[in-house]
Amino acid sequence: MGRAAQVRRDEIVRLATTTGLASVEELSAQLGVTASTIRRDLAHLKAAGLLARTYGGAMAVVTHPEASLRQRIGEAFEAKRAIAAWAAAQIRPGETILLDAGSTTGALAHELRHAVDLTVATTGLNALQELVGATGVHVECLGGTLRQVSQGFVGPLAEAALSRMTFDRVFLGADGVTAEDGICEASLQQTRMKELMIERSRHVYLLVHAAKLGRRPFHAWARMPDAWTLVTDATATPEALEPFKSHGVHTVVVTPEPIG
């Protein structure tokens, strides 16, 4: 097998893993080879155990296992800290804000430990832990069914609690986000909660590091409102940001401060 074929097959595996499903037609157009060449590549990759064939295409053998909160806390730490610092600077004394579950929103809770005259409601265990002992912050826990992998509350009890409040600002996280479809998550319970959070909030912010832009690792989606703010880090490429800007999304790019 030539070098070009190996590079192409590696790219096919990458595309199937990051998008969840790859069709012969899409792969042919994207990689600039014939459909018959793609079919031979897929047959080879299936035989090697790297892909599973589907009707008209292929999918990853292991499709997007959801990373645990513990795993995500260690990823892109400096970028998340910079995003959280920017988000904290938008919050005013006397406001009532809502924090989603997640590593970046947990970093925001950390930034708010010394806030004064603030009410914070959250569905995330890590945010609650960060705010223990924060005497200037009134904390509301939107309890419900705990998703162990994300350490966030979902389900009818959390939704009922959410329906009793309104918020000046909501800060959301995501497993992936696209300009066309909105927030991508592992479960419909999560996307249902996020849509309710959006409905109950005046200002909507999505806090994600650049690796999440354009990703669609799962098949559950939450639609974004007409007006919202995307906050990401400086590793985001112009190509990744352009779809959001063309859809009228207010886009903020923050740069982590050097340590030392």
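This short talk walks through one helix pair and then a handful of individual residues in a predicted model.

Let me start with the chain as a whole, since that frames the rest. The secondary structure of the protein chain comes to 10 helices and 15 strands, and of its 260 residues, 48% count as buried. If we take the contacts between residues at least 6 apart in sequence, 60% of them join residues at least 24 apart.

Now to the helix pair. Two packed helices are described by the angle between their axes and the distance between those axes. For helix 2, residues 24–31, and helix 3, residues 35–47, the axes come within 9 Å and cross at roughly 110°. Because angles from 65 to 115 degrees count as roughly perpendicular, helix 2 is described as roughly perpendicular to helix 3. The crossing of these two helices is right-handed. On the side of helix 2, the contact is made by Val-24, Leu-27, Ser-28 and Leu-31, and on the side of helix 3 by Ala-35, Ile-38, Arg-39 and Leu-42. Sorted by class, that contact has 6 nonpolar residues, 1 polar and 1 charged.

Next, three residues that sit in strands, beginning with Thr-232, which is placed in strand 14, residues 229–233. Is Thr-232 buried or exposed? Its relative accessibility is 0%, and so Thr-232 counts as buried. The side chain of Thr-232 reaches the backbone nitrogen of Ala-210 at 3.3 Å, and Ala-210 also appears among the contacts of Thr-232 once neighbours within four places in sequence are left aside. The other partners in that list are Ile-83, Val-208, His-209, Leu-213, Leu-241, Val-252, Val-253 and Val-254.

The second threonine, Thr-251, lies in strand 15, residues 250–254. At 19% relative accessibility Thr-251 counts as buried, because the cut-off for that class is under 20%, and I would ask you to keep the cut-off in mind when reading the label. A polar atom of the Thr-251 side chain lies 3.2 Å from the backbone oxygen of Val-249. Not counting residues up to four places away in sequence, Thr-251 touches Leu-230, Leu-241, Phe-244 and Lys-245; Leu-241 is also in contact with Thr-232.

The third strand residue is Tyr-205, found in strand 12, residues 201–207, and it is buried, with a relative accessible area of 6%. Which residues does Tyr-205 contact, leaving aside its neighbours within four places in sequence? They are Trp-86, Gln-90, Arg-169, Val-170, Phe-171, Leu-172, Thr-229 and Val-231. As a distance to check in your viewer, Tyr-205 and Met-224 are 19 residues apart in sequence and 10.0 Å apart in space, taken from C-alpha to C-alpha.

Finally, two loop residues whose backbone angles deserve a look. Asp-117 has a positive phi of about 55° although it is not a glycine, and its place is the loop between helix 6, residues 103–111, and strand 5, residues 118–122. With a relative accessible area of 51%, Asp-117 is exposed. Gln-151 likewise is a residue other than glycine with a positive phi, near 55°. Gln-151 is placed in the loop between strand 7, residues 145–147, and strand 8, residues 152–154, and at 25% relative accessibility Gln-151 counts as partly exposed.

Notes
Residues numbered from 1 in each chain as written. Predicted model: local features only at pLDDT ≥ 70, side-chain atom pairs only at ≥ 80, totals over all residues. Heavy atoms only, no water. Axes fitted to C-alpha atoms, helices over the stretch in contact; angles between N-to-C directions. Helix = DSSP H or I, 4+ residues; strand = E, 2+ residues; numbered from the N terminus. Parallel < 35°, antiparallel > 145°, perpendicular 65-115°, else oblique. Left-handed = near helix turned anticlockwise from the far one by under 90°. Contact = heavy atoms within 4.5 Å. Nonpolar A, V, L, I, M, F, W, Y, C, P; charged D, E, K, R; others polar. Buried < 20%, exposed > 50% of the residue type's maximum accessible area, 1.4 Å probe, protein only. Polar contact = N/O pair within 3.5 Å; in protein donor to acceptor, adjacent residues only side chain to side chain.
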